[in-house]
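Trainee: I should like to take a close look at a single part of this chain, namely the paired strands and what surrounds them. Could you guide me through that part in a connected way?

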Amino acid sequence: KERTEKATALAQAAQLQMLRYQLNPHFLFNALNSVRALIDEDTRNAKKVITELSEFLRYSLISKNYSDVPLSQELEAIRHYFAIEKIRYEEKLDVAFDIDPLAEDYPVLSFLIHPLIENAIKYGMQTSPMPLKIRVKAVVDNGNLKVEISNTGKWLVASDKENKTGTGTGLENVRQRLENAFPDRHRLEIFEE
């Protein structure tokens, strides 16, 4: 039993590390391109992107030692990410948070929500009238944490996504991490309204 638990913990750590390797290069590349574009035209915003990127990466490094973190910490990292994307997209991106104070202390797997946010921006920018509106909502319902990410984009079927850039592994990674951490005690729903 002890070996099984240790193997499960190691698998979860490896999976989280794999997610970081998928996430950071893509995001870092875009953020650095934004800084490069801003250096000559808007040094104040270039400095802001560097500061936000630094805080985001600090969270990435600190949270790697923990399988789960309070939702408030995960949301803080997401706010840094949004701050960078807001500079990048300017008035084309509108973000709102609706967070139940009771939800902030609930533990979540670190970097679990980020792929959902990244997809909301990536596919939303391709399909939404501007500005793209993204809403992050978290509530406690009957003792369970419910996190909802929504955007104003249109639903893309798998064949439409294949023609776009991306690895297509973000959502699958989220599903697998949830299943490993909460077997038969979680639900991930993705749908169009």
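Mentor: The model is a predicted one, and its confidence should be considered before any detail. The mean pLDDT of the chain is 84, and 81% of the residues reach 70 or more. This confidence varies along the chain: among its elements, strand β2 (residues 93–99) has the highest mean pLDDT, 98, whereas α5 has the lowest, 58.

The strands belong to a chain with six helices and five strands. Read from the N terminus, the order of the elements is α-α-β-α-β-β-α-β-β-α-α. Of the contacts with a separation of 6 or more, 74% are between residues 24 or more positions apart. Buried residues make up 35% of the 193 residues in the chain. The accessible surface is about 12,000 Å², and carbon and sulfur atoms account for 51% of this area.

We may now turn to the strands themselves. Strand β2 runs parallel to strand β4 (residues 132–141), and seven bridges join the two. One of the positions to find is aspartate 94, whose bridge partner in β4 is lysine 133. Strand β4 also pairs with β5, here in the antiparallel sense and over eight bridges. Aspartate 141 has asparagine 144 in β5 as its bridge partner.

Side chains add a further link between β2 and β4. Arginine 135 forms a salt bridge with aspartate 98, and their closest N and O atoms are 2.8 Å apart. Because arginine 135 lies in strand β4 and aspartate 98 in strand β2, this pair ties together parts that are 37 residues apart in sequence. Arginine 135 is partly exposed, at 32% relative accessible area, and aspartate 98 is also partly exposed, at 34%. The general principle is that side chains of opposite charge can pair when their charged atoms come close.

The approach to β4 and the turn that follows this strand both deserve attention. In the loop between α4 (114–127) and β4 lies proline 131. A cis peptide bond joins methionine 130 to proline 131, with omega at about 0 degrees. At the other end, β4 and β5 form a hairpin with two residues between the strands, and asparagine 142 takes a positive phi near 50 degrees there. Asparagine 142 is not a glycine, and its place is in the loop between β4 and β5. With a relative accessibility of 74%, asparagine 142 counts as exposed, because the cut-off for that class is over 50%. Both features stand out because most residues other than glycine have a negative phi, and most peptide bonds are trans. Another positive phi, near 60 degrees, is found at aspartate 184, which is likewise a residue other than glycine. Aspartate 184 is in the segment after α6 (170–181) and is exposed, with a relative accessible area of 75%.

The salt bridge between the strands may be set beside others within helices. The count for the chain comes to four salt bridges. In one of them, glutamate 85 pairs with arginine 88, with the closest N and O atoms 3.3 Å apart. Both residues lie in helix α3 (residues 71–89), three residues apart, about one turn of the helix. Glutamate 85 is buried, at 4% relative accessibility, whereas arginine 88 is partly exposed, at 33%. In another, arginine 58 pairs with glutamate 55, and the closest N and O atoms are 3.1 Å apart. Because arginine 58 and glutamate 55 are three residues apart in helix α2, about one helical turn separates them. Arginine 58 is partly exposed, at 42% relative accessibility, and glutamate 55 is partly exposed as well, at 28%.

Helix α2 (residues 43–63) also contains asparagine 45. This asparagine is buried, with a relative accessible area of 17%. Leaving aside residues up to four places away in sequence, asparagine 45 touches Leu38 and Ile87.

Finally, one may follow the chain beyond β5. Valine 157 lies in the loop between β5 (144–151) and α5 (158–162). At 45% relative accessibility, valine 157 counts as partly exposed. Together with Trp155 and Ile190, Val157 makes a nonpolar surface patch of about 260 Å².

Conventions
Residues are numbered from 1 along each chain as its sequence is written. This is a predicted model: local features need pLDDT of at least 70, side-chain atom pairs count only at pLDDT 80 or more; totals for chains, interfaces and linings use all residues. Side-chain values use heavy atoms; hydrogens and water are left out. Patches are made of residues with over 30% relative accessible area and no salt bridge: like charges are joined within 9 Å, nonpolar side chains (Val, Leu, Ile, Met, Phe, Trp, Tyr) within 5 Å. Accessible areas come from the Shrake-Rupley method with a 1.4 Å probe; for residues, only the protein chains shown count as cover. Helices (H or I, at least four residues) and strands (E, at least two) are DSSP runs, numbered from the N terminus. Buried means under 20% relative accessible area, exposed over 50%, partly exposed in between (1.4 Å probe, protein chains only). Contact means heavy atoms within 4.5 Å. pLDDT is the predictor's confidence in each residue, from 0 to 100. Two strands pair if DSSP finds at least two bridges between them.
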